[in-house]
Each structure stands twice: as C-alpha cells, then as structure tokens.
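Reader: Please present the structure, and then let us discuss selected residues by question and answer.

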Amino acid sequence: MRIACPHCGDRDSQEFTYLGDATVRRPAADAPAEAMFEYVYLRDNPAGPHREYWRHSAGCHAWLVVTRDTRTHAISDVQPARPARKGAVA
Amino acid sequence: MRYSIFSLAAQALKGNRGWAPAWRDAAPKAEYDVVIVGGGGHGLATAHYLASRHGITNVAVVEKGYVGSGNVGRNTTIIRSNYLLPGNTPFYELSLKLWEGLEQDINFNAMVSQRGVLNLYHSDGQRDAYARRGNAMRLAGVDGELLDREQVRAMAPFLDFDNGRFPIQGGLLQRRGGTVRHDAVAWGYARAADQRGVDIIQNCEVTGITVQNGRVTGVDTTRGPIRAKKVALAAAGNSSRVAAMAGLRLPIESHVLQAFVSEGVKPLIDCVITFGVGHFYISQSDKGGLVFGGDIDMYNSYAQRGNLPTVEHVMEAGMAMWPGLGRLRTLRQWGGIMDMTMDGSPIIDHTPVQGLYLNCGWCYGGFKATPASGFCFAHLIARDEPHEVATLLRLDRFATGRLIDESGAGAQPNLH
Ligand SMILES: Cc1cc2nc3c(=O)[nH]c(=O)nc-3n(C[C@H](O)[C@H](O)[C@H](O)COP(=O)(O)OP(=O)(O)OC[C@H]3O[C@@H](n4cnc5c(N)ncnc54)[C@H](O)[C@@H]3O)c2cc1C
Ligand SMILES: [Zn+2]
C-alpha cells in the first residue's frame, strides 16, 4: 500500500502512522456526556470507503485525511487534514 | 453415529466407505425460536449449549459462507486463561475448564493439547508486571508459575537468551494453556448441535433484521426471510455490519490479523511461546508446521488478507526471539477480520432491541473463548439474564466508564 502525501509524493505506507476514523468530531466542551461517549467510542466501521487519519511520521509529519476502501485498500483521495476538516460538514 | 474406537475400527475394516456426513446441510424453515447469525465457533457453540443445556432445539445457525470459513478456521489455535482483570479472568477460566471436557461433551476429537503457554519477560519491569498478573491469576484460582531464566532455558534452549537488546530473564507459564485444532472445534460443535435438531444453514447471508415495535421478528437472507422469536448475532469481524441492520452503532473497528505456517519439521517446540518485546507467538502443529503470528495490520480492514510490512514485522520479531527460525521457509499465510473493541475486551449482552442479542468484540483472542462464549451467550438467550461470569461484558460499559482494558491502551482499537 502506498499513500500519495500532498507534500512528499507517493510513499510507502510504512512511513505513516494510523489513527482511525476522520469523520468523528470532538463535541463542544459543554456538550452532554452522551455526545462525548459517541465521539470517543462509537464508529460506523464501514466495509467500503473510509475517511481516516494518517500521519506522515517518517516524512513531513503532516496529518492527512485519506479515503481508502477497507475491502480493497484502494486509495481514492488524500488531503492535508486541516483544510479537509474545515471544509467537512461537522 | 457415535464416534469411538469401535466405530473407527469398524469403518477401517470396511475401507472407510461407510462414514456419513457429520451434519445435515439444512435448508431454511419459515420460522425458528432462535436464529443465530454467524456459523463460526461462537455461533455453533451457542447452538450446542442452547440445545444441550437449555433444551432449546428449534434453532438455526445462518452462515453466509461455509462452516469454518471465518476466524474459527483462521486463528493460531492458542488457548489460555492468563488474564489480569476481574471482568476477564473468571470468563476465560470457565472457557479453559470447558475445553478440558469438550471432547467428551461433543464426542469429537478436537485435539485439545494442554502443552503450556509461556510468556517471556525481558526486563525487571516486565518481570514485575508478570508477577502481578500471575498473582492475580492464582488468586482467581487459575494456574500460573513465574519462571527464571534457567527454568526457561530448560524448556526452550533454542531461544536467544543473550540478545543484546532483549535478553530473556524468565517467563510466566500457564501449564493448562495450549492449543486446539481449530477446524475440529467448528465441525465438532456443528455436529453436536445438528444431532439435537439444530439447522445449520450454509451459504445464506443475513441481509436485514426486521424489527416491529422495538421487538425483533426475524431476519432477511439471501435465501428468503426467516421469522424468529429471538435473533442472536455472532458475526465476529462483521459485527458492525450486522448490528447496523438493526440500527445499532458499536464501539468496534474491524482489523485484519495475519497467521503464518512454516514447512513441516520434526518436533521442535513442545509448548506455546510468546515474545515479550514485539508481538510474536509460536507453536508447532501436529503435522510439524510452525504456526505463528504477531501484530494486526493496524488500519481498518475488511480484506481477508494482510500487507507485506506486517509480514516483515512479524518475521523480525520471530528472528529476535528465536534466530534459528531463519533456516525455515514460510509455507502458507492468510488473514482474518477481527472485531476490535475500544477496550480490547468482548461484549455478550442484550441490545436496545427486544429479543436481539449481541456477541462480539473478540479482538484477536476469541478462539480460546469459544466454549465460554457459547455457554454464556446461550444462557443469556435462554434465560434473559447474563451468566455470572459474563456480567461485566456489557455493551453499556463504554458509556458508564466500566471498561475492561487489559493493556491500558485506551480507546484505540489497533493498540489492544
Ligand atoms: C490470524 C488470526 C489468529 C488468531 N489467533 C488466535 C489465537 O491464537 N487464540 C485465540 O484465542 N484467538 C485467536 N484469534 C481470534 C479468533 O479466531 C476469533 O476471535 C474468533 O474465532 C471469533 O469468533 P468466531 O469463531 O465465531 O468467528 P468466525 O469464525 O469469523 O465466525 C463469524 C461468522 O459470521 C459469518 N457472517 C458474517 N456476516 C454474516 C451475515 N451477514 N450473515 C451470515 N453470516 C455472517 C462469517 O461468515 C463467519 O463465518 C485469531 C484470529 C485470526 C484472524
Ligand atoms: Zn509527507
């Protein structure tokens, strides 16, 4: 598996560290405990396209949002995490 | 037919031409008291204990592939009960006790082999952690022995005791742990359940769960709808997908774990040994192949195959522990999809839907749990209350904060 880092180019996945689902959003500080529980613990865990965080830890250290099919590992999109988050619907 | 030395001898004299299939290939009926989704070890064990311990025999096990095609036929066959935390210890110890009587119970040779499980330690801190775990086990009535370096050397002289970075200082040994032939577990439970009237329906995928007024009424399948008073989910790596059919979101991610088998060699290692630095565990099958594995691939996956970086990582860990392994060739390698929970421990519980029961979150340690999982799940389904050793394996523990986190890794499933 190779990931096309927007800063460094096409790199082996071994250079990256995986964090997990990039669609969950930390709730506001005054949100009810239920919202925090959902954010920390519940996942859609799809069989198919999955938006997920990877960090280019042996490269530029950037956090990325990678869209990867969990059935085939085919990667359809890679974005720097910060703009990707701003643009995404919360 | 009851299997025995006499049936073996009689069949041998007849040229082994008289063996009947071990279970019927059933077609789905319109309705059952209980439909179990998933014909892996846990689903089949649940059916056996429902029928044999609770007299509930109007049961179907619905399996999308064939019996044994999931993790029950993909694991590295290790059984043990060397857990630390109160939620886990009594449950896994019940499982080990059930393994000890399993073959008589189901009249099937599952090759249960209590050859011992040895966890190596490589530092003072790790020794203290293992001493604590061993003490916790003994307090709970589980066997455990802390070995020093020379005792380990007597058991396994081939290990790299003087590795510059990871010298071996000793190990925690559970002699009652060991291995079990995994396919035989699936076949044996399938046959035992079938003999009591349970329908085992293969090549039948559950595609929907029907709920009316908050109560489950049945399932939709690729072979038509089936009505059911109770539906029990035991779909392992696909748990999130089947639970979503009833509108549930689980504290689970699916990840792939790989296993490896070497070419067959003469007897070399007579117990299970695990490395204390990297994640690596190894034993030898009765055919002679070394069976080993290590870490999961670390990212969400529904592909039943792994990637090369993890293969390399497992081989490196193996070589650091046992350099002689480098002389062997790897013959086969495969992957299975595991239901990794947010605290690394399983769930056996009711769901918010009436009549819908959940068995999942087995991570990469659910093979050893097979008998107790089936036993406790059957108890829950039959009596609508949890079995006493499974009371802490609750679905709501993530919301209430009563986690069972053996590794202390937090809500990061790929680190458990
Ligand atoms: C490589 C590897 C090594 C392992 N090593 C060990 C070990 O050494 N010791 C240990 O204790 N554990 C080990 N495990 C973990 C253990 O194998 C699993 O936790 C356990 O087998 C899961 O329970 P099961 O047997 O019921 O799962 P499975 O056999 O996977 O059963 C689930 C079944 O559900 C079916 N299913 C899914 N969706 C549907 C649907 N919609 N409709 C119908 N059927 C469906 C699947 O086809 C599957 O057959 C290992 C796992 C792997 C992959
Ligand atoms: Zn980069």
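Author: Helices (H or I, at least four residues) and strands (E, at least two) are DSSP runs, numbered from the N terminus. This is a predicted model, in which local features need pLDDT of at least 70 and side-chain atom pairs count only at pLDDT 80 or more, while totals for chains, interfaces and linings use all residues. Residues are numbered from 1 along each chain as its sequence is written, chains are lettered from A and ligands numbered from 1 in the order in which they are written, and side-chain values use heavy atoms, with hydrogens and water left out.

Reader: In which loop is the place of Asn107(B), and is Asn107(B) buried or exposed?

Author: Asn107(B) is not a glycine, yet has a positive phi of about 50°. Most residues other than glycine have a negative phi. The place of Asn107(B) is in the loop between helix H3 (89–106) and strand E4 (117–121) of chain B. Buried means under 20% relative accessible area, exposed over 50%, and partly exposed in between (1.4 Å probe, protein chains only); at 13% relative accessibility, Asn107(B) therefore counts as buried.

Reader: Asn213(B) also has a positive phi of about 50°; is Asn213(B) buried or exposed?

Author: The place of Asn213(B) is in the loop between strand E9 (206–212) and strand E10 (215–221) of chain B. Because its relative accessibility is 83%, Asn213(B) counts as exposed.

Reader: Which side chain of opposite charge is nearest to Asp295(B), and with which side chains does Asp295(B) make polar contacts?

Author: Asp295(B), in strand E15 (residues 289–300) of chain B, is buried yet has no salt bridge (a side-chain nitrogen of Lys or Arg within 4 Å of a carboxyl oxygen of Asp or Glu). Lys and Arg count as positive and Asp and Glu as negative, with His and the chain ends not counted; the nearest side chain of opposite charge is Arg80(B), 12 Å away. A polar contact is a pair of N or O atoms within 3.5 Å; within protein, one must be able to donate a hydrogen and the other to accept it, and residues adjacent in sequence count only if both atoms are side-chain atoms. The side chain of Asp295(B) makes such contacts with the side chains of His279(B) at 3.0 Å and His313(B) at 3.3 Å.

Reader: How many residues apart along the chain are Asp199(B) and Arg24(B), which form a salt bridge?

Author: The closest N and O atoms of this salt bridge are 3.1 Å apart. Asp199(B) counts as buried at 6% relative accessibility, whereas Arg24(B) counts as partly exposed at 38%. Asp199(B) is in strand E8 (residues 199–201) and Arg24(B) in the loop between H1 and E1 of chain B, so the pair links distant parts of the chain, 175 residues apart.

Reader: Which parts does the salt bridge between Arg115(B) and Asp286(B) tie together?

Author: The side chains of Arg115(B) and Asp286(B) meet at 3.6 Å, N to O. Arg115(B) lies in the loop between H3 and E4 of chain B and Asp286(B) in the loop between strand E14 (281–284) and E15 of chain B, so the pair ties together parts that are 171 residues apart in sequence.

Reader: Which residues are linked in a network of salt bridges, and how many salt bridges are counted over all chains?

Author: The network links Glu93(B), Lys97(B), Glu100(B), Asp143(B) and Arg176(B). Over all chains, the count of salt bridges comes to 25.
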